Amino acid sequence: MILDQAQMPQRLYLKDSELARYWPQFLTREQSDQLFERCLALPWEQPSVQVFGRRHQIPRMQCWLGEHRCDYRYSGTLLKPQPLPSWLNALMFNVSQHCGTRFNAVLANRYRSGDDKMGWHSDNEPEMGQQPQVAIVSLGAGRPLQLRSQDHQQQDFTMPHGSLLQLLPLAQRQCKHQLPARKRVEQERISLTFRYIIPGFWH
Ligand SMILES: O=C(O)CCC(=O)C(=O)O
Ligand SMILES: [Fe+2]
């Protein structure tokens with residue numbers, strides 16, 4: 001993997017193919033602070049999911065929001081979207097323009113401390129279509145997001161307050177990513193992971 005940091009956005013390549021685009025300072029400090037405060041008031045939940053036949057609570061909080069009929073199937077449960085508040089809709093439009101694609105839903109994740117985390121996965125559920133699109137806006141504590149290819153090359157993104165990371169469809173096909181625990185982090189982190197969902201896929 002090669003990260004080209006010469007221009008904005010920074011671009012990550014695997015051989016000749018682009019995997020990701022990274023804007024370390026997408027939002028200003030003021031915008032990021034205001035967004036973080038607004039996100040705290042979202043209807044957060046900590047659902048239980050079934051993994052290999054056992055139920056357990058996910059190690060973070062989450063909230064699924066989106067346009068009409070953008071249901072998301074996640075570890076055996078079907079998430080119905082909460083309506084998008086106007087400030088989040090405006091951010092989704094802005095992120096869509098930067099990424100050159102259209103998002104219509106967002107999975108918000110809240111890591112209450114460094115103990116909360118998300119394990120290795122790809123975001124390629126069938127309702128995301130053949131070219132799964134995800135872009136992540138990070139707020140609060142800086143926590144590294146790790147991207148690893150099938151042949152175990154790895155790139156870490158530091159994801160500071162107000163940064164944006166676009167994972168291109170190839171990154172979901174060829175790599176996995178995770179947000180590991182960071183024992184010494186006490187501050188909260190919130191990520192807004194914008195996605196495109198085929199409306200009505202599960203109807
Ligand atoms: O919190 C993050 O930055 C990553 C979240 C993620 O990978 C996801 O929601 O699928
Ligand atoms: Fe993900």
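**A predicted fold built mainly around two sheets**In the protein, 35% of the 203 residues are buried. The model described here is a predicted one. For a chain of 203 residues, a compact globule would have a radius of gyration near 17 Å, and the 16 Å found for the protein agrees with that. Laid out along its principal axes, the C-alpha trace spans about 40 × 35 × 35 Å. As for the building blocks, the protein has three helices and 16 strands. Plenty of its contacts reach a long way along the chain: taking the contacts between residues at least 6 apart in sequence, 71% join residues at least 24 apart.

A good place to start is the sheet of eight strands. This sheet is open, its pairing is antiparallel, and its strands come in the order 1-2-3-14-11-16-9-6. At the edges stand strand 1 and strand 6 (61-66), each with a single partner strand, so one side of each has no neighbour in the sheet. On average, and ignoring direction, neighbouring strands here are turned by 20° against each other. Helix 1 (residues 29-40) packs on this sheet, where the helix touches strand 9, strand 11 and strand 16. The direction of helix 1 makes about 95° with that of strand 11.

Within this sheet, strand 14 (163-167) deserves a closer look. Five of its five residues are buried, so strand 14 is largely enclosed by the rest of the structure. The side chains split between two directions: S163, L165 and L167 point one way, while L164 and Q166 point the other way, and all of them are buried. In the sheet order, strand 14 sits between strand 3 and strand 11. Strand 3 (residues 17-23) runs antiparallel to strand 14 and is joined to it by four bridges. Along this pairing, A20 stands opposite L167, and Y22 has L165 as its bridge partner. With strand 11 (residues 134-140), strand 14 pairs over five bridges, again in the antiparallel sense. Here V134 has L167 as its bridge partner. L167 therefore turns up in both pairings, opposite A20 in strand 3 and as the partner of V134 in strand 11, within a strand that is largely enclosed.

Next comes a sheet of four strands. This sheet is open too, with antiparallel pairing and the order 10-15-12-13. Its edges are taken by strand 10 (118-121) and strand 13, each with a single partner strand, so one side of each is left without a neighbour in the sheet. Neighbouring strands in this sheet are turned by 15° against each other on average, direction ignored. Strand 12 and strand 13 run antiparallel and are joined by four bridges, and Q146 stands opposite D156 of strand 13.

Then there is ligand 1. Around it are L107, N109, M118, D123, I136, L145, H177, L179, S191 and T193. Strand 9 (105-111), strand 15 (175-179) and strand 16 (189-195) are the elements that give two or more residues to this shell. Sorted by class, the shell has five nonpolar, four polar and one charged residues.

Finally, a few backbone details stand out. Most residues other than glycine have a negative phi, and most peptide bonds are trans. Against that background, the bond joining M8 and P9 is a cis peptide bond, with omega about -5°. P9 is found in the loop between strand 1 (2-4) and strand 2 (10-14). H152 has a positive phi, near 65°, and is not a glycine. This residue is found in the loop between strand 12 (145-149) and strand 13 (154-157). H152 counts as exposed because just 6 other C-beta atoms lie within 10 Å, where 12 or fewer is the cut-off. M159, another residue other than glycine, has a positive phi near 50° and lies in the loop between strand 13 and strand 14. M159 is buried, because there are 23 C-beta neighbours inside 10 Å and 20 or more is enough. These two loop residues with positive phi thus fall on opposite sides of the burial scale, H152 being exposed and M159 buried.

Conventions:
Residues numbered from 1 in each chain as written. Chains lettered and ligands numbered in written order. Predicted model: local features only at pLDDT ≥ 70, side-chain atom pairs only at ≥ 80, totals over all residues. Near = placed C-beta within 6 Å. Nonpolar A, V, L, I, M, F, W, Y, C, P; charged D, E, K, R; others polar. Rg over C-alpha atoms; globule rule 2.2 N^0.38 Å. Contact = placed C-beta atoms within 7 Å. Pairing = 2+ DSSP bridges. Axes fitted to C-alpha atoms, helices over the stretch in contact; angles between N-to-C directions.
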